[in-house]
Every structure is written in structure tokens, then in C-alpha cells.
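Reader: I would like to go through one model and ask how its labels are earned.

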Amino acid sequence: MKPKLTDEIKELFTQSVNWAKIEIEYLKLTAAEKIIILISMMVIGIVVLLLLLPAILMFLFALAQVFIGFLPVAVAYVCVGGIVLLLLGILVLFRKQVVINPVAKFISKVLLDHPENKNSKK
């Protein structure tokens, strides 16, 4: 009876080792998937930002040209600069609602998304 018990313990140990290896592989794949999602979103964000910056710059110059119609040139550009600084100030004041909360929500959704949640959404 003793050899049978040791054989069962050995079998249990081998199955535990195999299970641990499979779990480690699953964790690696999950981590890779989540890192890929985060990096791809960062790349998309950077590309969108790089494409929007020239457009925003052109809109600001157009706004300055509108102001030039009824203000001196220097004052028109100062007004546009003031508008940009005002928008930046508003962004700093509301940074938690506008920037931090959406980014934290996205990152936590990517990193903490459980398989049970995926099945219930479909």
C-alpha cells in the first residue's frame, strides 16, 4: 500500500508543477496582451496629438487674423495667447475630471478586467 501512496503523491506533485507552469504561461500572455493594449493606445494618442497640433495652431492664427480686423496686430496675438493660457488654466483646474479620472479608468479597466466581466458583457 505504501508504494501506491508515494506514486499518488508523485503524480499529485507532477500535476501541481504542470498546473503552475500553465498558470505562469497564462499570466505572461495576459500581461503581454495588456501591455500591448496600453502601448497601442499611447501610440494612437501621440499620433492624434501630432496631427491635431498643426490644426490647432492654424485655428489660433485664424483667430488672431479675425482679431486683427478690429485690434492692433500685437494686441490681437496677445489676446489669442491669453485665450490659450486661459484654456490651459481651466485644464489645470479640472485636470482630475478631464485627464486623471479617464486615464485611471482606462488603465484600471485594462489591468483589472476579469474573465467573468467579459462573459457578462457579451
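The questions below take the labels one at a time.

Reader: How confident is the predictor in the protein chain?

Author: This is a predicted model. The protein chain averages a pLDDT of 87, and 91% of the residues score at least 70.

Reader: Which helix has the lowest mean pLDDT, and which the highest?

Author: Helix H4 (residues 115-121) has the lowest, at 55, and helix H2 (residues 73-93) has the highest, at 94. Where pLDDT is low, the predicted coordinates should not be read in detail.

Reader: How many aromatic pairs are there?

Author: The count is two aromatic pairs. One of them joins Phe61 and Tyr77.

Reader: What makes Phe61 and Tyr77 an edge-to-face pair?

Author: Their ring centres are 6.3 Å apart, and the cut-off for a pair is within 6.5 Å. The planes meet at 75°, and planes over 60 degrees apart count as edge-to-face. Both conditions are met, so the pair is edge-to-face.

Reader: Where in the chain do these two residues sit?

Author: Phe61 is in helix H1 (residues 2-68) and Tyr77 is in helix H2, 16 residues apart, so the pair links distant parts of the chain.

Reader: Why are Phe61 and Tyr77 called partly exposed?

Author: Phe61 has a relative accessible area of 41%, and Tyr77 has 35%. Buried means under 20% and exposed means over 50%. Each value falls in between, so Phe61 and Tyr77 are partly exposed.

Reader: How do you know that Phe67 and Phe70 form an edge-to-face pair?

Author: The centres of Phe67 and Phe70 are 5.9 Å apart and their planes are at 70°. The distance is within 6.5 Å and the angle is over 60 degrees, so the label applies.

Reader: Phe67 or Phe70: which is buried and which is exposed?

Author: Phe67 has a relative accessible area of 17%, which is under 20%, so Phe67 is buried. Phe70 has 59%, which is over 50%, so Phe70 is exposed.

Reader: Why is Thr30 called buried?

Author: Thr30, in helix H1, has 18% relative accessibility, and this is under 20%, so Thr30 counts as buried. A polar atom of the Thr30 side chain lies 2.8 Å from the backbone oxygen of Tyr26.

Reader: What makes H2 and H3 oblique to each other?

Author: H2 and helix H3 (residues 95-111) pack at about 60°, with axes 5 Å apart. That angle is neither under 35 degrees nor within 65 to 115 nor over 145, so H2 and H3 are oblique. The contact is made by Leu91, Val92 and Leu93 of H2 with Arg95, Val98 and Val99 of H3.

Reader: Which residues does Leu60 touch, apart from its neighbours within four places in sequence?

Author: Leu60, in helix H1, is in contact with Val80 and Val84. The C-alpha atoms of Leu60 and Val80 are separated by 6.8 Å, though the two residues are 20 apart along the chain. At 25% relative accessible area, Leu60 lies between 20% and 50%, so Leu60 is partly exposed.

Notes. Residues numbered from 1 in each chain as written. Predicted model: local features only at pLDDT ≥ 70, side-chain atom pairs only at ≥ 80, totals over all residues. Heavy atoms only, no water. pLDDT = per-residue confidence, 0-100. Helix = DSSP H or I, 4+ residues; strand = E, 2+ residues; numbered from the N terminus. Phe/Tyr/Trp six-rings, centres within 6.5 Å; stacked < 30°, edge-to-face > 60°. Buried < 20%, exposed > 50% of the residue type's maximum accessible area, 1.4 Å probe, protein only. Polar contact = N/O pair within 3.5 Å; in protein donor to acceptor, adjacent residues only side chain to side chain. Axes fitted to C-alpha atoms, helices over the stretch in contact; angles between N-to-C directions. Contact = heavy atoms within 4.5 Å.
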